[in-house]
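Visitor: I'm new here and would like a friendly walk through this one. Could you show it to me and take my questions as they come?

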Amino acid sequence: MMKVFFSILIFLVSLKTFSQAVDSLPALDRTIKVTDPFYREDQFYVGVTHTLMLKQPQNFSTNSISIGTNFGFLRDFPINKQRTVAIAPGFGFAFYNLRHNLALIDNDPITFEIDNNSKKNVQKLSYIEIPIEFRWRNSKVHSHKFWRVYTAIKYSYLLNSTSEYEGVLGNHSFKNSDLLSRSNLGVYISAGFNTWNLYGYYGFKPLYNKNVIDNASHINMLNVGLMFYIL
């Protein structure tokens, strides 16, 4: 996962470096010499995140970094004449690797054990995501260098889940367990200048269904990281 993360990061920085080189040319030397009154911004996105797990059950703790990535397409619909305010509905995918000490060792009935010294304990989650962004930026048609602040509502639907454990409790692997919520609704904000945009997402619905771990609902996802926009 770390190799994928660095590969995505290098690709995006290289693409943005090329865009900045174009921005540095005199206006008459650019390919686009006539201002396009119908231009759109930031229609493809790629994000890299770390998941902070909130509302934890007793004795729960995280292990290592829980890296995730998401990517997709957003259709930009400017709503003012200057095209600096827009709405952007979209569609994409998200993948998360959650690392913690709560080991799933049986799926029927669902049984958890705490293991702070496991060789491997990871939950792999794959989602479809449908965001609707509310956008402000001070962009111009011939430049990729501008400030942006995008807020959004995002619906997520769980496509696939896998729990993998290796340790003193044995080796266990389960797919598509009923312990997880199938859908979620959350909000996020992405803000920055040019290439670098800080990103934060909070899911309103707990990851685990009620009464799976104990009598409460547990683990709300807070994702923090970087978001990159292209074209």
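Visitor: Let's begin with a charged pair: how far apart are the closest N and O atoms of aspartate 76 and arginine 135?

Guide: Keep in mind that we're looking at a predicted model. Aspartate 76 sits in the loop between β2 and β3, while arginine 135 belongs to strand β7, 59 residues away in sequence. The two still form a salt bridge, and their closest N and O atoms are 2.8 Å apart.

Visitor: And are aspartate 76 and arginine 135 buried or exposed?

Guide: The cut-off for buried is a relative accessible area under 20%. Aspartate 76 and arginine 135 are both on that side of the cut-off, so the word for each is buried.

Visitor: How many residues apart in sequence are the parts tied together by aspartate 76 and arginine 137?

Guide: Aspartate 76 forms a salt bridge with arginine 137 too, with 2.9 Å between the closest N and O atoms. One partner is in the loop between β2 and β3 and the other in strand β7, so the pair ties together parts of the chain at a sequence separation of 61 residues.

Visitor: Which residues are linked in a network of salt bridges?

Guide: Side chains of opposite charge can pair when their charged atoms come close. We've already met aspartate 76 bridging to arginine 135 and to arginine 137. A glutamate joins them in the network, whose members are Asp76, Glu133, Arg135 and Arg137.

Visitor: Over which ring does the charged end of arginine 135 sit?

Guide: Arginine 135 has that salt bridge with aspartate 76, but there's an aromatic ring to look at as well. The charged end lies 4.4 Å from the ring's centre, and the ring belongs to tyrosine 150.

Visitor: Which strands are tied together by lysine 120 and glutamate 164?

Guide: Their side chains meet in a salt bridge, at 2.6 Å from N to O. Lysine 120 is partly exposed at 28% relative accessible area, whereas glutamate 164 counts as buried at 19%. The two residues are 44 apart in sequence, and the strands they lie in are β7 and β8.

Visitor: Where is serine 156 found, and which residues does it touch?

Guide: Serine 156 is in strand β8, residues 147-167, and is buried with a relative accessible area of 7%. Leaving out residues up to four places away in sequence, serine 156 touches Tyr127, Ile128, Glu129, Arg182, Ser183, Asn184 and Tyr201.

Visitor: One of those was Tyr201. Which residue lies over the face of tyrosine 201?

Guide: Here again a charged residue meets a ring. The distance to the ring centre is 4.3 Å, and the residue is lysine 154.

Visitor: How many aromatic pairs are there, and what kind do tyrosine 188 and tyrosine 199 form?

Guide: Searching the whole structure turns up 11 aromatic pairs. In this one, the centres are 5.2 Å apart and the planes make an angle of 45°. Tyrosine 188 is in strand β10 and tyrosine 199 in strand β11, so parts 11 residues apart in sequence are tied together. The pair counts as tilted.

Visitor: What about tryptophan 196 and phenylalanine 228: how are those rings arranged?

Guide: Their centres are 5.6 Å apart, with 65° between the planes, and planes over 60 degrees apart fall into the edge-to-face class. Tryptophan 196 is in strand β11 and phenylalanine 228 in strand β12, 32 residues apart. Tryptophan 196 is partly exposed at 44%, while phenylalanine 228 is buried at 1%. The arrangement is edge-to-face.

Visitor: Why is strand β2 said to be largely enclosed by the rest of the structure?

Guide: Strand β2 pairs with β1 through 7 antiparallel bridges, valine 48 being the bridge partner of threonine 69. With β4, strand β2 has an antiparallel pairing over 7 bridges, including one between glycine 68 and tyrosine 96. As for being enclosed, the reason is the count of buried residues in strand β2: 6 of the 8.

Visitor: Stepping back, how many helices and strands does the chain have?

Guide: Reading from the N terminus, α comes at the start of the order and β elements follow. Of the chain's 231 residues, 44% count as buried. The tally is 1 helix and 12 strands.

Terms used: Residues numbered from 1 in each chain as written. Predicted model: local features only at pLDDT ≥ 70, side-chain atom pairs only at ≥ 80, totals over all residues. Heavy atoms only, no water. Phe/Tyr/Trp six-rings, centres within 6.5 Å; stacked < 30°, edge-to-face > 60°. Helix = DSSP H or I, 4+ residues; strand = E, 2+ residues; numbered from the N terminus. Buried < 20%, exposed > 50% of the residue type's maximum accessible area, 1.4 Å probe, protein only. Lys NZ or Arg CZ within 6 Å of the ring centre and 35° of its normal. Pairing = 2+ DSSP bridges. Contact = heavy atoms within 4.5 Å. Salt bridge = Lys/Arg side-chain N within 4 Å of Asp/Glu carboxyl O.
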